[in-house]
Amino acid sequence: MPTVKFDDYLEKRLQDPESRSNFEAESLRLESAVALLKAREDAGLTQRELAKRVDMPQSTIARIERGNNTSVDTLSKIANALGKKLKVEFVNM
């Protein structure tokens with residue numbers, strides 16, 4: 001079986017519109033997850049401490065940090081608890 005570079009494989013898969021759409025949706029969830037994780041760690045908080053501030057289960061914070069989808073309302077509450085402002089923007093592709 002020949003070796004295939006991941007970048008080559010991904011480039012070929014992204015030529016399919018459905019695969020591209022799925023990839024972009026997943027990328028957005030992961031960007032949100034990484035942003036939340038970084039903001040929480042920068043604030044020096046554990047998941048449990050942040051969850052207490054937001055009045056939600058720690059498991060909700062964990063799920064969001066794993067890339068599960070969540071609402072803008074939930075992200076806004078979390079941002080507020082971190083002393084941050086949630087910014088959502090539409091950018092050209």
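**View 1. The buried residues of α4 pack against three other helices, α2, α3 and α5.** Welcome to a predicted model, taken here one close-up at a time. In this first view, look for Thr60, Ile61, Ala62, Ile64 and Glu65, the residues of α4 that are buried. Helix α4 itself runs over 58-65. Just beyond α4 comes Gly67, with a positive phi of about 100°.

**View 2. Helix α3 turns one face inward.** Leu50, Ala51 and Val54 are buried in α3. Down the axis of α3, these buried residues fit within an arc of 100°, so they line one face of the helix. Spacing along the chain helps to read this view: an α-helix has 3.6 residues a turn, so residues three or four places apart point the same way. Turn to the other side of α3 and you will find Arg48, Lys52 and Arg53 exposed. The partners that the buried residues of α3 pack against are α2, α4 and α5.

**View 3. Asp55 sits in the loop between α3 and α4.** This residue follows α3. Its backbone is worth a pause: the phi of Asp55 is positive, near 60°, in a residue other than glycine. Is Asp55 buried or exposed? Asp55 counts as exposed because its relative accessibility is 70%, and the cut-off for that class is over 50%.

**View 4. Helix α5 has a buried face and exposed residues on its other side.** Thr74, Leu75, Ile78, Ala79 and Ala81 are the residues to pick out as buried in α5. Viewed along the axis of α5, they fall within an arc of 160°, so they line one face of the helix. Val72 and Asn80, on the other side of α5, are exposed. Against which helices do the buried residues of α5 pack? They pack against α2, α3 and α4. After α5 comes Gly83, with a positive phi near 70°.

**View 5. Lys77 of α5 is shown together with Arg53.** Lys77 lies in helix α5 and counts as partly exposed, because its relative accessibility is 45%. The cut-offs for that class are 20% and 50%. Between Lys77 and Arg53 there are 9.3 Å in space, C-alpha to C-alpha, and 24 residues in sequence. Arg53 is exposed on its own helix, α3.

**View 6. The largest nonpolar core draws on four helices, α2, α3, α4 and α5.** This core has 13 residues. Which of them touch the most other members? They are Leu36, Leu50, Val54, Ile61, Ile78 and Leu82. The helices α2, α3, α4 and α5 each supply at least two residues of the core. For a closer look, centre on Leu82: leaving out residues up to four places away in sequence, Leu82 touches Leu36, Ala39, Arg40, Ala43, Leu45 and Leu50.

**View 7. Arg40 is a buried charged residue of helix α2.** Arg40 counts as buried because its relative accessibility is 8%, against a cut-off of under 20%. Who surrounds Arg40? Apart from neighbours within four places in sequence, Arg40 is in contact with Leu45, Thr46, Gln47, Leu50, Ile61, Glu65 and Leu82. Several of these have featured in earlier views: Glu65 is among the buried residues of α4, and Leu50 among those of α3.

**View 8. The largest pocket has a volume of about 1,100 Å³.** Among the 29 residues that line the largest pocket, Leu28, Glu31, Ser32, Lys87 and Val88 are the closest to its centre. Helices α2 (17-42) and α5 (72-81) each supply at least two residues of the lining. Which helix gives the most? That is α2, with eleven residues. By type, the lining divides into 17 nonpolar, five polar and seven charged residues.

**View 9. Pro2 lies in the segment before α1.** Helix α1 covers 6-13. Pro2 is exposed, with a relative accessible area of 70%. To set the scale of this last view, Pro2 and Glu41 are 42 Å apart in space, C-alpha to C-alpha, and 39 residues apart in sequence.

Methods. Residues numbered from 1 in each chain as written. Predicted model: local features only at pLDDT ≥ 70, side-chain atom pairs only at ≥ 80, totals over all residues. Heavy atoms only, no water. 1 Å grid on protein atoms, 1.4 Å probe; cavity = no way out; pocket = protein on both sides within 12 Å on 5 of 7 lines; lining within 4 Å. Points joined across faces, edges and corners; volume = space filled by probe spheres on them. Core = buried A, V, L, I, M, F, W, Y, C linked by side-chain atoms within 4.5 Å. Buried < 20%, exposed > 50% of the residue type's maximum accessible area, 1.4 Å probe, protein only. Contact = heavy atoms within 4.5 Å. Arc of directions from axis to C-beta.
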